[in-house]
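Q: Could you walk me through the aromatic rings in this model and show the reasoning behind each label?
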Amino acid sequence: MSEHLTEIVVFTALFLTVSGMGFVAARWRRPADLASLDEWGLGGRSFGSWVTWFLIGGDLYTAYTFVAVPALLWGAGATGFFAVPYTIVTYPIVFLVLLRLWSVSHVHGFVTPADFVRARFGSPTLALLIAVTGIVATMPYIALQLVGIEAVLKSMGVTGHLPIVIAFAILAAYTYQSGLRAPALIAFVKDTLIYVVILVAVIVIPLKLGGWDTIFDSAKAKFAATPAPGDGILLNTGSQLQYITLALGSALALFLYPHSVTGVLAARNRDVIKRNMSALPAYSLLLGLIALLGYMAIAAGIKPIGTDNNTIVPQLFDRLFPDWFTGVAYAAIGIGALVPAAIMSIAAANLFTRNIYREYLRPNAGDAEEARVSKITSLLVKVGALLCILLLDTGFSIDLQLIGGVIILQTLPSVAIGLYTRWFHRAGLIAGWAAGMVTGMILLYNVGNPVTGKPHFAGSAFPLSKLGLDTKMTVYAGLLALAVNLAVALLGTVIARLVKATDGDDATRPDHYLADEGDSRLKDLHLVQ
Amino acid sequence: MTTPDKGRTDRSPWNRLLAVPIILPLLPFLFNFDEPRLLGFPGFYWLQLSFIAVGVLCTTVVYRMTRRGR
């Protein structure tokens, strides 16, 4: 018998319980009819503060984050802690922006960010670009959730791809049936488990290891002994600019991801969003503590399984906790992968349905047809993510996700700035998007890692010396690409106005951006007429 | 059916407070040091974790102060 038997039993029991909840969720807050994107894809746009808090928290702070961020600290030290400033900065930045997005979507019935762009700039082409960018950025993100489950399975001595395929089949089935209600209900269990596990971990582990002082000092000693110049428990001069640009760039990108928008649009009113912008940082505290598990692993002398650094945290739990609690911790990570994977596949499916299928294939598709197409697409998206993991190297998914962050940032001028001003011309925005995408790719292609010998796509820290500057500093490639994007969009707009190119119509009015629950929606107005 | 109130706005002087938690975490010279340690945490870590509280405080104040009367 396996020495991990207890862990496997606890893990499987919790996993199956949660899967059962996923199926039952279709009856939770049951609407008269689930056959519309408002219901299947946005949970009826009716979630209050608590549900939204669990849903968005479970959506943004993914299993992969919980496994990969401590692995970063374990490997390189302080630079991995960027996840903390990143998730502090993001909420005040998006506080006012998301409120406007929620209001205008409430009035017009938008389901995706591309829906908004379509109406604001009167350009199906620009909306298509935004939708495709969103889908491409989301796919590898879903695949990475599988990496989180894989790290846990590996630590339990479970090998082979069959268990992952089964887990994903279950996930696909209840997402298909229950839509956004499934991850919303499961998020309660997932987050409670995570909070319990981490609180126990940050109290018990330091006691066992001799206190926080010892933990930080052993990390310091480890990094002092390595030849790598970039590591340490503090930032060195070369990595400070990268640290803050990566934090800022990631913060700007976070709420441009389709799955974040899905979570926000499912809220009942503006107050729910405002309250959540103040309450979501509780997860950042959790993330900061989780990050430090990487240093605890150093102090405890944990070694990863093979070369897979992502197994650091599971290995730490396995060593220091009794078997049954390790099982609970593994289940927290495993279930933690299901919530975001479900929301991401719903968001990607909605983009396809609204901005590709209805726009270009079946313009007359009704509510029920939209819901049906989205349900089927959500299955296909998951199969695609699964194939990413089964057929490609895991490292390749991580590269793709890195690229995903850079490209999703290129939708900022159309989506985020578009919520404030209609000044940009659609042609300028399209040109800017293209320039930003190309620049981003070129920059990432030129990021190599001399330590691992990887010549291309080895990270997002672009060395400024490659631009001819005499410095060792690096900067987040996504922000540089965004700067190029904005400059081209600006120039393109000026040129488009000079040559008097026709601009699209704006279907929104200033007061749409301030509407709240109870205000009239355009759909209702049409019905009245 | 209600019509959105024309005098509505999302501008407020309180919104400026949101700049504090945006700028603070992006200034490494404020926190990139080891001593003094707090409960064993080097300054780099406990200071950044405490910025979370600053963020919560500022967003909560803005939320409270810009609530629409009902």
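A: Happy to, starting with burial. In this predicted model, B:Tyr45 has a relative accessible area of 0%; buried means under 20%, so B:Tyr45 is buried.

Q: What makes B:Phe44 count as buried?
A: The reasoning is alike: B:Phe44 is at 0% relative accessibility, and the cut-off is under 20%, so B:Phe44 counts as buried.

Q: Why is the pair of B:Phe44 and B:Tyr45 called edge-to-face?
A: Their ring centres are 4.9 Å apart, and rings pair if the centres lie within 6.5 Å. The planes stand at 75 degrees, and over 60 counts as edge-to-face, so the label fits. Both residues also belong to a cluster linked by ring pairs, including A:Phe81, A:Trp212 and B:Phe31.

Q: What makes A:Tyr141 and A:Tyr257 an edge-to-face pair?
A: With 5.2 Å from centre to centre, this pair falls within 6.5 Å, and its 65 degrees between the planes is over 60, so it is edge-to-face. The pair links distant parts of the chain: A:Tyr141 sits in helix 7 of chain A, and A:Tyr257 in the loop between helix 11 and helix 12, 116 residues apart.

Q: How do you know which residue lies over the face of A:Tyr176?
A: A:Lys375 does, at 4.9 Å from the ring centre. The distance limit for such a charge is 6 Å, so A:Lys375 meets that part of the rule. In chain B, B:Arg67 lies over the face of B:Tyr63, at 5.2 Å from the ring centre.

Definitions and conventions: Residues are numbered from 1 along each chain as its sequence is written. Chains are lettered from A and ligands numbered from 1 in the order in which they are written. This is a predicted model: local features need pLDDT of at least 70, side-chain atom pairs count only at pLDDT 80 or more; totals for chains, interfaces and linings use all residues. Side-chain values use heavy atoms; hydrogens and water are left out. Rings of Phe, Tyr and Trp (its six-membered ring) pair if their centres lie within 6.5 Å; planes under 30 degrees apart count as stacked, over 60 as edge-to-face and the rest as tilted. Helices (H or I, at least four residues) and strands (E, at least two) are DSSP runs, numbered from the N terminus. Buried means under 20% relative accessible area, exposed over 50%, partly exposed in between (1.4 Å probe, protein chains only). A charge sits over a ring if NZ of Lys or CZ of Arg is within 6 Å of the ring centre and within 35 degrees of the ring normal.
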